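Trainee: I should like a close look at one part of this model, the sheet and its hairpin, followed outward to whatever adjoins it. Please take the account step by step.

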Amino acid sequence: MFNRRGQVGEGLSFLLKLLLFMFITGAAVYVFNNVALSDIRAQNSARNLGTGFDSLALSSSEITLEINCPSGVRFVVDGPKITARVTSEIGEGFASYSYMHEQNAILPQKKILDCGLSNKIELSKSYDAAGVPTLGAVQ
Amino acid sequence: MRSNKGFVGELIIFVAVAAIAAGFVYTVYLSGNQTAAEVYFSDDLRSISLVADAVVNSPNCLLYTEKDLLFQPPKISSTRGIIDSTKISDQKKDCVRKGPYIWNAKVWDIKKGETKTITGFDASSCSELGSRTFPVLIKRGAEYNNGEVKTSIASKDAIASFSRKGSEILITLVNSGTCSSGFAVSGKIVNATSGEIYSGPQPACDFAVGQIKSKEKQSFSCTLPKSIPSGNHLKVEITPDGISYYSKEYRIVI
């Protein structure tokens, strides 16, 4: 005999499972986007700024480079280390990068570079009369 | 009364949905982990090339440079690939610094048949992370000899993991570099936002960790003081012996 009530029940049950599956999937994607991707974004941003500093060490002349400062990223340049923080809805993406520099180079003092204020960072290398290189980073 | 057939059917659907969902979450986890591992791997590869290039082609290392007095202040001029024979000495072993990487260089003057080395690390306690070879011209007074520079890179680094039991923090340090090394560990409570050191009592988290072989680990613990106000983190810095300019930093929510 045709049981319509049973069919509706089974249909509803299937729909609930589908919703549960979509919820779990959505949650996984959300967590991945907010936790893993913000870390990856922080890593990429720190590396991007760091490679700019890296290339300064290979230059024998005074040089100025302009580096992109991606929105939502906050850099702290402290001596030979750059840290990048990316805020997300869950937690915060964090990465650090140690850039290459000459042993005798005068490195930037601790400085915060907030990409919310400007989307460009200017890196510079200059030499004093004794040939000692000084590195700088300004927005 | 419910039929057995219906119940088994529902159970199969539930198991299938749960398996697909678990599989998806696991895939996301794997892909996240793999991405992080690839980032570290490509950073290592890039750093080997970069440091090796800088040893040969940076003015503070082997590169031959001249002051061009036509400019005021005088400019430094140089040509990539031309190195100064007077700079080939162990005094240059620290001429460029990049994170945990250290290097040895072997300069071969083909014309003179002479080899000179710069020793930045002891090959008996470090294995090579990678090496690069560059053809160069070696400037000896007015002479330019054909030569070759082989730069070998090693690293001194560590990865830490943390677990907490009450007020005790267990720190496990894995030597992720290619050298046997000791490490200095420093733990301070800092403001999570400003990074300023907390003015109250600090944990006894400063250790001089003895030699750890590459890929081996060592664990130790430290005790947090009681009642630390919220908004503070435990900042742990790990510095490998011999490279005081580099430290790896962790922030732990307490």
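Mentor: In this predicted model, a suitable starting point is the hairpin of strand 6 and strand 7 of chain B, where 2 residues lie between the strands and B:Gly141 adopts a positive phi near 60°. Strand 6 covers residues 130-140 of chain B, and its pairing with strand 7 of chain B is antiparallel, with 11 bridges. Strand 7 itself spans residues 143-155 of chain B.

Several residue pairs trace the register of this hairpin. B:Val136 has B:Gly147 of strand 7 of chain B as its bridge partner. B:Thr133 is set opposite B:Lys150 in strand 7 of chain B. B:Gly130 faces B:Ile153, likewise a residue of strand 7 of chain B. In general terms, the strands of a sheet are paired through backbone hydrogen bonds, in either a parallel or an antiparallel sense.

The hairpin belongs to a wider arrangement. In chain B, 6 strands make up an open sheet with the order 1-2-6-7-4-5, and its pairing is mixed. Its edges are strand 1 (63-68) and strand 5 (114-119) of chain B, each of which pairs on one side only. From one strand to the next, the twist has an average of 30°.

On one side of the hairpin, strand 6 of chain B meets strand 2 (residues 75-84) of chain B, and these two are parallel, with 3 bridges between them. Within this pairing, B:Ile83 is placed opposite B:Ile138 of strand 6 of chain B. On the other side, strand 7 of chain B is joined to strand 4 (residues 101-109) of chain B by 9 bridges, and the two run antiparallel. Here B:Trp108 has B:Glu148 of strand 7 of chain B as its bridge partner.

A side-chain link accompanies this part of the sheet. B:Lys111 and B:Glu143 form a salt bridge, with an N to O distance of 4.0 Å. The two residues belong to distant parts of the chain, 32 residues apart: B:Lys111 lies in the loop between strand 4 and strand 5 of chain B, whereas B:Glu143 lies in strand 7 of chain B. Over all chains, the structure contains 13 salt bridges. As a general matter, side chains of opposite charge can pair when their charged atoms come close.

Chain B also holds another open sheet, formed by 3 strands in the order 8-9-12 with antiparallel pairing. Strand 8 (158-165) and strand 12 (217-223) of chain B are its edge strands, and each pairs on one side only. Neighbouring strands of this sheet are turned against each other by 20° on average, with direction ignored. Strand 9 (residues 168-175) of chain B is antiparallel to strand 12 of chain B, and 7 bridges connect them. One residue pair in that set is B:Ile171 with its bridge partner B:Phe220 in strand 12 of chain B.

Strand pairing extends to the other chain as well. Strand 5 of chain A pairs with strand 3 (residues 96-97) of chain B in the antiparallel sense, over 2 bridges. In that pairing, A:Glu102 has B:Val96 of strand 3 of chain B as its bridge partner.

The contact between the chains may now be described as a whole. It brings 32 residues of chain A against 39 residues of chain B. About 3,200 Å² is buried between chain A and chain B, and carbon and sulfur atoms account for 61% of this area. Of the area that chain A buries against chain B, 18% comes from A:Lys17, A:Leu58 and A:Gln103, more than from any other three residues.

Polar and charged links cross this interface too. There are 3 salt bridges between chain A and chain B. One of them joins B:Glu249 to A:Lys81, with the closest N and O atoms 3.6 Å apart. For polar contact, the count between chain A and chain B is 8 residue pairs. On the side of chain A that touches chain B, helix 1 (4-57), strand 3 (81-87), strand 4 (92-98) and strand 5 (101-102) of chain A supply at least two residues each. Helix 1 of chain A contributes the most to this side, with 15 residues. By residue class, the side of chain A that touches chain B consists of 15 nonpolar, 10 polar and 7 charged residues.

Note on methods:
Residues numbered from 1 in each chain as written. Chains lettered and ligands numbered in written order. Predicted model: local features only at pLDDT ≥ 70, side-chain atom pairs only at ≥ 80, totals over all residues. Heavy atoms only, no water. Contact = heavy atoms within 4.5 Å. Buried area = accessible area lost by both parts, 1.4 Å probe. Polar contact = N/O pair within 3.5 Å; in protein donor to acceptor, adjacent residues only side chain to side chain. Helix = DSSP H or I, 4+ residues; strand = E, 2+ residues; numbered from the N terminus. Nonpolar A, V, L, I, M, F, W, Y, C, P; charged D, E, K, R; others polar. Pairing = 2+ DSSP bridges. Axes fitted to C-alpha atoms, helices over the stretch in contact; angles between N-to-C directions.
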